[in-house]
Amino acid sequence: MKHTEEQRRPSLYLEVCTQNQEPRLPLHTSIVLFLLSYCDCKSFSVFLVFNNNDDGGGGSPDSESLRAQLPESVSVTAVRPQDAPQLVRSCRLPAAVDESGQLCRAGLAVVLRHILIRTTEADPTRKDVPALLGFKKTCLKACAEVSRWTRLCETGIPSAVEEHLQSPTAQLSQLPLSVLALERRLAEPVRVHNDDKIRRQKLQEQRLRQNKSLPEEPRVSDGLELRAALAKLSVESLPAATTRESSEIRKVRTTDLPPLEHVFAEGLFFTLTDVVLLPCIHQYLRSLQAHSPGTLQQLPHVLRWYSRVQEVPGVLRAAKDCGIHLSDPQLPTSSLPGPLERDGPVSLLDQEEDREMSPQLPFVGGPRPTMTKLKEKGIEAIFTPHPCPAWTLPWDSLPVAINPTEGKMSNIRAVRKMQQLNNLVAMVTELARPGCTVVDFCSGTGHVGIALAHTLPDCQIILIENKEESLVRAQRRSAELGLKNIGFLQANLDYFTGPFHIGVALHACGVATDMVLEHCIQAGAAFVVSPCCYGFIQNAVKFSFPKSKRFQDTLSYKVNSAWAW
């Protein structure tokens with residue numbers, strides 16, 4: 001079977017949905033395929049997972065409507081959800097599985113970054129591919145729970161556009177808040193690392209134009225910013241050495257230099273963020289042009305970004321390969337970009353952003369004052385005896401790869417980690433039964449999960465961690481031990497959707513502990529959790545504190561306590 005044979009290679013699993021009895025590619029799938037085509041990546045076997053089983057697969061990649069959306073440069077195979085690997089069935093797509101079948105990466109940003117890394121490994125001469133990862137290779141690396149920008153690009157805009165496409169004529173006068181947030185971001189001056197030289201060149205060009213009484217400064221699409229951006233892509237050169245700024249320009253203070261305008265989504269340079277946004281914005285603009293062309297005037301910066309992206313080498317080719325017919329919607333010449341008005345839908349955007357911002361209240365008290373406040377209200381911690389005080393892992397007889405002393409930590413910390421593992425593994429052992437699935441959330445390098453997999457050979461252990469370096473190290477340790485009952489998932493916690501019986505988390509940082517507890521409760525799973533020893537609890541996207549009515553009546557936000565549930 002072709003599916004089984006191709007699993008020996010790294011595999012990509014992409015979702016296909018059905019609309020009006022016809023298969024359709026969700027935006028997340030279109031984005032992944034566009035990147036594969038842009039990078040000319042041949043490192044993966046690509047599988048389309050049809051989520052409608054009415055005809056045994058929900059459609060066929062040979063159907064005319066779907067074939068037009070698939071790049072000719074990418075070979076795909078259709079699979080039913082039940083035929084995908086277990087780890088893939090346990091998470092939201094897109095997902096990438098390595099050659100071993102034990103390590104799965106899920107979520108748009110994680111999968112796209114992995115494609116870039118594998119492409120660079122296969123062809124180190126492609127300097128433009130790693131450049132998509134941006135400055136310090138951190139583009140879309142921060143998870144959506146902590147980064148507003150990642151959340152906007154990975155989920156906010158794709159979800160808003162998908163919703164709009166389902167009902168394109170509804171609420172045309174009120175643009176999605178996520179699209180307005182992008183418009184506002186593109187209107188801001190660019191902050192680029194070490195941008196002093198480019199800003200001085202811009203000042204010199206401005207003064208030359210003034211001295212020669214030339215027409216007013218050209219739009220950014222014709223100016224220095226775009227030339228600097230394309231120079232990084234080896235398209236054309238920056239101003240020649242003869243245009244080096246004069247001594248007068250070099251004396252200008254940095255604070256007095258002109259700001260740089262946005263060329264691409266993250267500033268001057270074309271990055272993975274632009275790859276994510278292009279299929280989404282293309283679909284959205286095309287829909288607006290068909291149903292409400294006047295609305296385009298509210299998005300001048302988005303339109304200009306859309307035009308500039310098309311000047312990047314390889315973009316038009318990849319778009320055509322994916323059946324994306326890029327156009328250039330034009331604004332009336334009188335419609336110039338300016339500051340967004342603070343009324344109507346933009347005021348809603350301000351309200352939304354205000355809700356996401358944690359209130360800047362002063363830090364209050366410490367652990368003892370907090371515990372005193374709770375005690376005054378009759379709230380006290382209840383401690384019970386350890387149910388397995390004498391239970392311990394047989395450290396002397398365990399393989400060295402399980403022992404924390406083999407890791408890069410001090411002896412004192414290693415001893416403390418062994419004590420923590422004793423406690424957690426003891427409790428999980430009491431709860432577990434043969435055939436159980438145990439999930440180690442925020443697993444790090446796998447101290448807990450690997451010990452559980454060795455101790456419970458009749459259980460399936462899944463380690464979930466969003467830091468690739470930590471998870472790869474855990475997989476390496478597992479391979480040394482020859483463990484077969486273990487799987488690894490690099491993803492944000494929300495991308496894990498599979499059933500499980502027991503959830504474990506040791507020192508999940510900050511609000512992650514609350515996310516683990518919520519996930520376990522929703523899954524009806526038991527949990528064994530040791531919270532992180534964070535100094536104070538911070539409000540986040542999904543949670544605000546204190547959570548319970550009783551605690552709200554006693555404590556204010558941002559008190560020094562890990563007990564504010």
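The exercises below, each with a worked solution, concern a predicted model of one protein chain.

**Exercise 1. Confidence along the chain**

Task: Find what the mean pLDDT of the protein chain is, and where pLDDT stays under 50.

Solution: Begin with the chain as a whole, for which the mean pLDDT is 80, while 73% of the residues reach 70 or more. Next, turn to the stretches of low confidence, one of which is residues 235-242, where pLDDT stays under 50 and the model has 13 contacts beyond four places in sequence. Another is residues 560-565, also with pLDDT below 50, which has 32 contacts in the model beyond near neighbours in sequence. Finally, apply a general caution: where pLDDT is low, the predicted coordinates should not be read in detail.

**Exercise 2. Helix α12 and its contact with α7**

Task: Decide whether α7 is roughly parallel or oblique to α12, and determine which residues meet.

Solution: Start from the axes of α7 (residues 148-166) and α12, which come within 10 Å and cross at roughly 25°. Because angles under 35 degrees count as roughly parallel, α7 is roughly parallel to α12. The handedness follows as a separate step, and this crossing is left-handed. On the α7 side, the residues that take part are Trp149, Cys153, Ile157, Pro158, Val161, His164 and Leu165, and they meet α12 residues including Thr273, Val276, Cys280, Tyr284 and Leu288. Sorted by class, the contact of α7 with α12 holds 12 nonpolar and four polar residues, with no charged ones.

**Exercise 3. Helix α12 and its contact with α2**

Task: Establish how α2 passes α12, and what classes of residue make up their contact.

Solution: The axes of α2 and α12 come within 9 Å, and they cross at roughly 130°, which makes α2 oblique to α12. As to the sense of the crossing, α2 passes α12 in a right-handed manner. From α2 the contact draws on Leu27, Ile31, Phe34 and Leu35, and from α12 on residues among them Leu272, Val275, Val276, Pro279 and Gln283. The class count for α2 with α12 comes to 10 nonpolar residues, one polar and no charged.

**Exercise 4. An aromatic pair**

Task: Describe the geometry of the aromatic pair of Tyr38 and Phe270, and find which parts it ties together.

Solution: A search of the whole structure gives six aromatic pairs. The one formed by Tyr38 and Phe270 has a centre-to-centre distance of 5.8 Å and 55° between the planes, and it is tilted. Tyr38 belongs to helix α2 (residues 27-39), whereas Phe270 sits in the loop between α11 (247-250) and α12 (272-291), so the pair ties together parts that are 232 residues apart in sequence.

**Exercise 5. Helices α17 and α18**

Task: Work out how α17 and α18 cross, and which residues make the contact.

Solution: Helix α17 (residues 411-431) and helix α18 (residues 447-455) have axes that come within 10 Å and cross at roughly 50°, which makes α17 oblique to α18. Their crossing is right-handed. The contact is made by Lys417, Leu421, Leu424, Val425, Val428 and Thr429 of α17, together with His447, Val448, Ala451, Leu452 and Thr455 of α18. These residues divide into seven nonpolar, three polar and one charged.

**Exercise 6. Two backbone features**

Task: Locate the cis peptide bond from Leu93 to Pro94 and the positive phi of Leu140.

Solution: As background, most residues other than glycine have a negative phi, and most peptide bonds are trans. The bond from Leu93 to Pro94 is cis, with omega near 10°, and Pro94 lies in the loop between α4 (86-89) and β5 (95-97). Leu140, although not a glycine, has a positive phi of about 60°, and its place is the loop between α6 (128-131) and α7.

Technical notes:
Residues are numbered from 1 along each chain as its sequence is written. This is a predicted model: local features need pLDDT of at least 70, side-chain atom pairs count only at pLDDT 80 or more; totals for chains, interfaces and linings use all residues. Side-chain values use heavy atoms; hydrogens and water are left out. pLDDT is the predictor's confidence in each residue, from 0 to 100. Contact means heavy atoms within 4.5 Å. Axes are lines fitted to C-alpha atoms, for helices over the stretch in contact, and angles run from 0 to 180 degrees between N-to-C directions. Helices (H or I, at least four residues) and strands (E, at least two) are DSSP runs, numbered from the N terminus. Angles under 35 degrees count as roughly parallel, over 145 as roughly antiparallel, 65 to 115 as roughly perpendicular and the rest as oblique. A crossing is left-handed if the near helix is turned anticlockwise from the far one by less than a right angle, and right-handed if clockwise. Ala, Val, Leu, Ile, Met, Phe, Trp, Tyr, Cys and Pro count as nonpolar, Asp, Glu, Lys and Arg as charged, and the others, Gly among them, as polar. Rings of Phe, Tyr and Trp (its six-membered ring) pair if their centres lie within 6.5 Å; planes under 30 degrees apart count as stacked, over 60 as edge-to-face and the rest as tilted.
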